[in-house]
Amino acid sequence: MCRTPEEMRRALRACPDALVQEHLVGPEFSADCVSDADGPSLVHLRLRHRTRAGMSTVTEAFTDADLEKAIMRVLGDLRFAGPSCVQGFLTPEGPRLTEVNVRFGGGCALSQFSGGGLVQTYLRALVSGEPLPAENFRYAAGAKLVRPLDFQYIPEELS
């Protein structure tokens, strides 16, 4: 990690094709989202307390109206419709969005467990043709999801 401009210059001289990423400090979050092409987005925020191979293994639902609005603005600017997973950090200077993945996030099951039902809400809107019910989308902050480190398939006859 480079801490000064001189360290950065030396690192880039040593490896001119380096991929450089800003070091962000603060809690990491994900937001599982569903967006209409010309309408609202549903946003389910999760703190990423622990990750393994990029997947949230311990995650907790939280709410932050300003962060939700910022995420909705980005999704609106992208003119995106459908499921997405937005990630970032809650830095001392404010939230920093780092990526938007065009899929539900690995911890999206927390939406179901915390009362949001994000996938079901999306499917209901797709089937009915109705807009997403943004004003009625609520979930319980503080709900947690803990994933086992190893998923195993056990045939029914052995369980």
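The following exchange concerns cysteines and helix α4 in a predicted model.

Modeller: The model is predicted, so local features need pLDDT of at least 70 and side-chain atom pairs count only at pLDDT 80 or more, while totals for chains, interfaces and linings use all residues. Residues are numbered from 1 along each chain as its sequence is written, and side-chain values use heavy atoms, without hydrogens and water.

Biologist: How do you know that Cys15 is in no disulfide?

Modeller: A disulfide is a pair of cysteine sulfur atoms within 2.5 Å. For Cys15 the nearest cysteine sulfur, that of Cys2, is 11 Å away. The structure holds 0 disulfides.

Biologist: What keeps Cys33 out of a disulfide?

Modeller: The nearest cysteine sulfur to Cys33 belongs to Cys85 and is 7.3 Å away, against the limit of 2.5 Å.

Biologist: Why is Cys33 called buried, and Cys15 partly exposed?

Modeller: Buried means under 20% relative accessible area, exposed over 50%, and partly exposed in between (1.4 Å probe, protein chains only). Cys33 has 0%, so Cys33 is buried; Cys15 has 38%, so Cys15 is partly exposed.

Biologist: Which residues of α4 are buried, and what makes them one face?

Modeller: In helix α4 (residues 118-128), Leu118, Thr121, Tyr122 and Ala125 are buried. Down the axis of α4 they fall within an arc of 100°, so they line one face of the helix. The arc is taken over directions from the helix axis to the C-beta atoms. Helices are DSSP runs (H or I, at least four residues), as are strands (E, at least two), numbered from the N terminus. Arg124 and Val127, on the other side of α4, are exposed.
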